[in-house]
Amino acid sequence: MTENDTMPKAELDEPPGQSGNAVLTAALHKRTPRPALWADVPDEQWDDWRWQLAHRLNSLEELAQIIHLTPEEIDGLTAEDKFRVDVTPYFASLIDPDDPQCPVRRQVIPLGRELQAFEGMMEDSLAEDAHSPVPGLVHRYPDRVLMLVTTQCASYCRYCTRSRIVGNSAATFSRAEFELQLDYLRRTPQVRDVLLSGGDPLTLAPKLLEYLLSSLREIEHIEIIRIGSRVPVFLPQRITEDFAEMLGRYHPVWLNIHVNHPKEITPELGIALDRLARAGVPLGNQSVLLAGINDSVNIQRELVHKLVKNRVRPYYLYQCDLVKGAGHFRTTVSKGIEIIEGLRGHTSGYAVPTYVVDAPGGGGKIPVMPQYLISQAPGKIVLRNFEGYITTYDEPLDYDPHAIDHLDAQAVERLEPGQAGVSGLLAGKLSQLKPEGFDDIHRRDGIQHRLNANTQKWQRFHMGEALGIPQEDTPLNGNGKTIKVKNGKIKNGNSRKSNGKNARKSNGKNGKNGNGNGNSNGNGNGKNGGHA
């Protein structure tokens with residue numbers, strides 16, 4: 001990685017005032033007021049994203065020029081092992097200099113308590129590096145990957161999930177590592193969706209970012225490219241018309257911004273979002289639930305309303321991760337559920353984000369929500385709405401779930417090796433999900449004997465072929481008897497042929513379908529191990 005591969009030292013291949021700054025100039029009456037420190041800065045410089053990056057604030061002395069710092073903020077800024085501090089002049093202009101609880105200030109100015117350890121704290125709380133086949137690429141879900149392309153940001157959030165590498169220029173990714181990432185994607189047709197993140201991808205030099213986008217677009221099975229970025233929020237000057245047009249050349253490209261509080265939604269951000277939307281880029285927002293910043297139904301409602309007015313769909317509301325430095329930002333999960341309770345039904349459905357806990361240890365995003373299904377019985381369910389209105393829904397008594405089978409057979413089934421999960425149980429691809437080592441533990445170092453030698457007794461009987469077992473010959477046990485199914489009627493059968501050849505055939509076939517059984521060595525696991 002050369003020094004020109006990150007935006008702070010980017011190649012001047014795009015004139016500072018080119019395209020789009022005229023729009024900002026025309027919107028002078030809507031500008032965010034500047035602190036006195038920058039009152040004399042010409043608009044042409046202020047609107048230049050390179051000027052903004054070159055004049056970021058990061059020291060106690062610089063920040064003291066615009067903020068009346070508290071003793072705890074001074075402790076945070078002078079700590080030797082603090083997470084990186086950098087604040088663009090534009091974002092700093094949103095800070096209330098006299099309010100230590102200012103929601104913008106809290107997100108970017110460190111506190112002394114940031115260094116305090118807390119229960120469950122981890123360096124890599126989402127185990128991203130453990131699920132990384134090549135440097136910077138995280139392949140956790142079956143059909144999509146996270147592609148980390150830089151460790152640099154325009155400004156730095158104090159609760160950063162990737163603080164283990166973010167902000168460290170020595171840890172950023174090289175061109176050789178980009179090629180490893182791209183090579184992995186070329187030879188992994190299972191992947192259809194790539195999310196660029198970091199750091200912030202929009203801090204890359206323009207030519208490097210476009211190289212990555214064009215390389216991804218050349219891979220036939222990559223259907224969509226997503227970008228996660230806070231640059232439009234920290235540095236809206238970066239989103240020029242030329243830049244938005246460049247993104248549009250690689251459609252479908254989606255972009256998620258990161259806004260946590262309504263105060264961050266300014267005229268400048270609105271202009272940047274408008275340019276992206278006009279370039280055909282679908283926009284979403286990911287917020288983090290932060291104690292003392294946005295853990296309020298009223299604040300969240302105002303936030304999502306302002307987002308949708310700017311054509312941004314609220315996407316996720318994250319529970320704060322168990323990462324170093326984030327302890328004082330964490331809320332209870334019940335607070336998040338309360339917020340969703342205050343949004344669902346009380347405002348438009350497309351303004352309600354999905355509240356998720358990103359599972360510690362690498363389990364991925366787990367949605368959490370209020371309970372709307374109260375009870376159920378055959379043919380009837382009991383539901384409640386946001387007002388507490390309780391009703392019943394009568395389910396059809398003649399519903400045939402197999403009527404769709406002829407169309408379903410024509411649909412493309414995407415393979416998810418080892419990750420079928422609960423969906424695989426419902427589809428009949430798995431009979432059970434077993435913790436690692438389950439069968440070994442329960443054998444207790446025992447011997448194979450006459451009662452446990454025959455694994456057929458643990459095979460399930462199926463009327464259909466959900467597990468690939470022919471309807472005409474479905475084994476029930478290993479005692480020389482099979483269940484015969486003919487035209488939906490069960491017949492008893494007793495033949496050496498079915499006990500031998502056919503039993504072995506169905507035993508092996510079931511194992512290959514990953515139902516957790518069907519292994520002749522008696523360990524109760526099939527080829528795919530029955531684990532997801």
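How do the residues of the lining of the largest pocket divide into nonpolar, polar and charged? I would like to start there, and I should say at the outset that what we are looking at is a predicted model. The lining divides into 23 nonpolar, 14 polar and 10 charged residues, and these make up the 47 residues that line the largest pocket. The space in that pocket comes to about 1,100 Å³. If you want to find its centre on the screen, look for Arg162, Leu195, Ser197, Gln286 and Tyr318, which are the lining residues that lie nearest to it. Of the secondary-structure elements, strand E7, running over residues 313–319, gives the most to the lining, with 4 residues.

Arg162 takes me to the charged pairs, since this residue, which is among those nearest the pocket centre, is also linked with Asp124, Glu128, Asp129 and Arg164 in a network of salt bridges. Over the whole structure the search finds 26 salt bridges, and I will go through three of them.

In the first that I have chosen, Arg311 and Asp274 meet through their side chains, with 2.4 Å from N to O. This pair links distant parts of the chain, 37 residues apart, with Arg311 in the loop between helix H13 (297–309) and E7, and Asp274 in helix H12, residues 267–278. Arg311 counts as partly exposed at 47% relative accessibility, and Asp274 is partly exposed as well, at 26%.

Next, consider Lys335 and Glu338, whose side chains form a salt bridge of 3.1 Å, N to O. Both residues lie in helix H14, which covers residues 333–343, and they are 3 residues apart, about one turn of the helix. Lys335 is partly exposed, with a relative accessibility of 23%, and Glu338 is likewise partly exposed, at 42%.

The last pair is Asp183 with Arg187, where the closest N and O atoms are 3.2 Å apart. Here Asp183 has a relative accessible area of 36% and is partly exposed, whereas Arg187, at 54%, counts as exposed; the category changes because exposed means over 50%.

Let me finish with a hairpin. Strand E8, residues 354–359, pairs with strand E9, residues 364–367, in the antiparallel sense over 4 bridges, and one of the partnerships to look at is that of Asp358 with Lys365 in E9. There are 4 residues between the two strands, and in the turn Gly361 has a positive phi of about 95 degrees.

Conventions:
Residues numbered from 1 in each chain as written. Predicted model: local features only at pLDDT ≥ 70, side-chain atom pairs only at ≥ 80, totals over all residues. Heavy atoms only, no water. Pairing = 2+ DSSP bridges. 1 Å grid on protein atoms, 1.4 Å probe; cavity = no way out; pocket = protein on both sides within 12 Å on 5 of 7 lines; lining within 4 Å. Points joined across faces, edges and corners; volume = space filled by probe spheres on them. Nonpolar A, V, L, I, M, F, W, Y, C, P; charged D, E, K, R; others polar. Salt bridge = Lys/Arg side-chain N within 4 Å of Asp/Glu carboxyl O. Buried < 20%, exposed > 50% of the residue type's maximum accessible area, 1.4 Å probe, protein only.
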